[in-house]
Amino acid sequence: MKKDVRLTAALCANALIVLFELIALVLSLIDQGLESFFYYTQDSNYLAMAASLCFCVYGVKQLRGNGEMPRWIHSFRYVAVSCLMVTFFIVILVLMPMMGENALSMLYGGSMLYQHTLCPILAAVSFFTLEPAGPLPKRAILKALIPTLVYALVTIVLNLCRVIEGPYPFLMLYTQPWYASAMWCVVILGIAGLLAAGVLALHNRIVKTQSRAYDPMIRTRQTDISAKGGSAHAGHPAPGICLPLVLF
């Protein structure tokens, strides 16, 4: 896929994320008011909306020939996608089992259609298939954990001060033993770390695969091997040497 076509597709996907998040924001405010901001789901989605909006602004500039996409935008998108994956998998693995017969409603009810399902999936598809700009360092995983850690610390303090209750069952400090809440925090932060590492690993693998596919030196070697029938030729390495070069 040509670079401008991929960028245009990524811009469309991110613009759609912004639109979906605005719809979800209105629905959340109507349903829960300002208390909706106590939920990690909303906070992670609005972080993703900000990242997508930044991507759209700089993406339009790039299409117009006014510079390249800043590196920090790519890092911002990685952090946002990692947080959305926490939302998506916590809903599926933790919250839905707690809901019993109403479990499926968490994927399509009200603002949850956008914030639990559509936006996380659309953000991941765009990030992995349309946006890879270069490999991310392993230390980026720590950056991806910062929003989740900040949310956990702030929410725990607010619960301890009895400003809020929950809002999730595993954060209700006064209705369960303290060690149960501590265990849940460790488990969820562990899941967040694993997801951030998984997003980074998959992203870097895709970048590496694409760089191999478009590397002119590799494509030249592949053409040489095909043209020579896979046999050694004067002035060229033998197949046993060429093949590792092509594969690695």
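Student: What makes the link between the side chain of His116 and the backbone oxygen of Met106 a polar contact?

Tutor: Good place to start, and keep in mind that this is a predicted model. The backbone oxygen of Met106 sits 2.6 Å from a polar atom of the His116 side chain. A polar contact needs a pair of N or O atoms within 3.5 Å, so 2.6 Å meets that distance limit.

Student: Why is His116 called buried or exposed?

Tutor: His116 has 5% relative accessibility. Buried means under 20%, so His116 counts as buried. You will find His116 in helix 5.

Student: Which residues does His116 touch, leaving aside its neighbours within four places in sequence?

Tutor: His116 is in contact with Thr41, Thr87, Phe88, Val91 and Met106. You can also look at His116 and Asn45: they are 71 residues apart in sequence, with 8.8 Å between their C-alpha atoms.

Student: What about Gln42: why is it placed among the buried or the exposed residues?

Tutor: The relative accessibility of Gln42 is 5%. With the buried limit at under 20%, Gln42 therefore counts as buried. Gln42 belongs to helix 2, which covers residues 40-63.

Student: How do you know that the side chains of Gln42 and Ser28 make a polar contact?

Tutor: Their distance is 3.3 Å, and the limit for such a pair is within 3.5 Å. Beyond four places in sequence, Gln42 touches Ser28, Gln32, Ser36, Ser111 and Gln115.

Student: Which residues in the loop between helix 6 and helix 7 should I look at?

Tutor: Arg162 is one of the residues in that loop. Its phi is near 60°, a positive value in a residue other than glycine. Glu165 is found in the loop between helix 6 and helix 7 too, and so is Pro167.

Student: Why are Arg162 and Glu165 called buried or exposed?

Tutor: Arg162 has a relative accessible area of 60%, and Glu165 has 57%. Exposed means over 50%, so Arg162 is exposed, and so is Glu165.

Student: What makes the peptide bond from Gly166 to Pro167 cis or trans?

Tutor: Its omega is near 5°, and the bond is cis.

Student: How far apart are the C-alpha atoms of Glu165 and Thr155?

Tutor: They are separated by 9.0 Å, with their positions 10 residues apart along the chain. Thr155 lies in helix 6. At 3% relative accessibility, against a limit of under 20%, Thr155 counts as buried. Outside four places in sequence, Thr155 touches Ile164, Gly166, Pro167 and Leu171, whereas Glu165 touches Asn159, Met172 and Thr175.

Student: How many helices and strands does the protein have?

Tutor: The protein has nine helices and zero strands. Of its 248 residues, 40% count as buried.

Student: Which residues touch the most other members of the largest nonpolar core?

Tutor: Tyr78 and Leu95 do, in a core of 39 residues. Helix 2, helix 3, helix 5, helix 6 and helix 7 each give two or more residues to this core. Helix 3 gives the most, with 13 residues. In soluble globular proteins, nonpolar side chains tend to be buried together.

Student: What does Leu95 touch, leaving aside its neighbours within four places in sequence?

Tutor: Leu95 is in contact with Ile90, Met106, Tyr168 and Phe170. A second, separate core has seven residues, among them Leu11, Phe55, Cys56 and Leu130.

Student: How many cavities of 30 Å³ or more are counted?

Tutor: The count comes to one cavity. About 230 Å³ of space lies in the largest cavity. Of the 17 residues that line it, the closest to its centre are Tyr40, Thr148, Tyr151, Phe170 and Ile188.

Student: What makes up the lining of the largest cavity, by class?

Tutor: The lining has 14 nonpolar, three polar and no charged residues. Tyr counts as nonpolar in this scheme, and Thr as polar. Helix 2, helix 3, helix 6 and helix 7 each supply at least two residues of the lining. Helix 3 gives the most to this lining, with five residues.

Technical notes. Residues are numbered from 1 along each chain as its sequence is written. This is a predicted model: local features need pLDDT of at least 70, side-chain atom pairs count only at pLDDT 80 or more; totals for chains, interfaces and linings use all residues. Side-chain values use heavy atoms; hydrogens and water are left out. Helices (H or I, at least four residues) and strands (E, at least two) are DSSP runs, numbered from the N terminus. Buried means under 20% relative accessible area, exposed over 50%, partly exposed in between (1.4 Å probe, protein chains only). A polar contact is a pair of N or O atoms within 3.5 Å; within protein, one must be able to donate a hydrogen and the other to accept it, and residues adjacent in sequence count only if both atoms are side-chain atoms. Contact means heavy atoms within 4.5 Å. On a 1 Å grid over the protein atoms alone, a cavity is a set of points where a 1.4 Å probe fits but cannot get out, and a pocket is an open set with protein on both sides within 12 Å along at least five of seven lines; lining residues have an atom within 4 Å of a point. Grid points are joined across faces, edges and corners, and a volume is the space filled by probe spheres set on the points. A nonpolar core is a set of buried Ala, Val, Leu, Ile, Met, Phe, Trp, Tyr and Cys residues joined through side-chain atoms within 4.5 Å.
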